[in-house]
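User: I'm new to this one. Could you show it to me and then walk me through how you know what you say about it?

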Amino acid sequence: MTRFDISRNFPEMQKPLNRAAMDSRKVANSYGLSDEILELVNVRVSQINGCVACMSAHVPALRDAGMKQELIDLIPVWRDLEAPFTPEQRIALELAEALTIMDHKIERDMVVDEARDYYTEEQIGALQWTIILINAFNRISIASAHKPTNL
């Protein structure tokens, strides 16, 4: 049985979300955030949520943005490594987890405070929007049983 595809059957809902994602990318880039850091959080959030369709889109985008495959392979275990992730990448990954894993033990305010050592307020806000939007796309793809795009 095929699941009802809410993204295709409700274009009046999907189109504004797509537009928000494109606008969010433009704003994030205008504040100096690289596509690599934005795709890094997209990949991590999609891993956490188990969204195969989003992983199939964002892993290649992360490679295209300049991250080596060897580093991409280590994203799930980034906390267990002191290197090779930069401090900026590490705090972005931490922020991605803090806004995706709804665990009351995670100190989101502390994560945002730590992010201020590496990012401006505008960059932190843009990162948060990226994380929030990929979470929304993950849930839509999972609910609709979207398949990987590149297989």
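Here are some questions about this structure, with the reasoning behind each answer.

Analyst: Keep in mind that this is a predicted model.

User: How do you know that cysteine 51 is buried or exposed?

Analyst: Its relative accessible area is 2%. Buried means under 20%, so cysteine 51 counts as buried.

User: And cysteine 54, buried or exposed?

Analyst: Cysteine 54 comes out at 7% relative accessibility, and because the cut-off is under 20%, cysteine 54 is buried.

User: Why is there no bond between the sulfur of cysteine 51 and its closest cysteine sulfur?

Analyst: That closest sulfur sits in cysteine 54, 3.2 Å away. A disulfide needs the two sulfur atoms within 2.5 Å, so this pair is too far for a bond. Searching the whole structure turns up 0 disulfides.

User: What makes the buried residues of α7 line one face of the helix?

Analyst: Those residues are Val111, Val112 and Ala115. Looking down the axis of α7, they fall within an arc of 100 degrees, so they line one face. Among what covers them are α6 and α8.

User: Which residues have the most contacts inside the largest nonpolar core?

Analyst: They're Leu33, Ile75, Tyr119 and Leu127, in a core of 38 residues. Elements giving two or more residues to this core include α2 (11-30), α3 (35-49) and α8 (121-144). α8 gives the most, with 8 residues.

User: What is isoleucine 75 in contact with, leaving aside neighbours within four places in sequence?

Analyst: Its contacts include Leu40, Val43, Leu62, Met67, Phe85 and Leu93. Arg44 and Gln47 are also in contact with isoleucine 75.

Definitions and conventions
Residues are numbered from 1 along each chain as its sequence is written. This is a predicted model: local features need pLDDT of at least 70, side-chain atom pairs count only at pLDDT 80 or more; totals for chains, interfaces and linings use all residues. Side-chain values use heavy atoms; hydrogens and water are left out. A nonpolar core is a set of buried Ala, Val, Leu, Ile, Met, Phe, Trp, Tyr and Cys residues joined through side-chain atoms within 4.5 Å. Buried means under 20% relative accessible area, exposed over 50%, partly exposed in between (1.4 Å probe, protein chains only). Helices (H or I, at least four residues) and strands (E, at least two) are DSSP runs, numbered from the N terminus. Contact means heavy atoms within 4.5 Å. The arc is that of the directions from the helix axis to the C-beta atoms.
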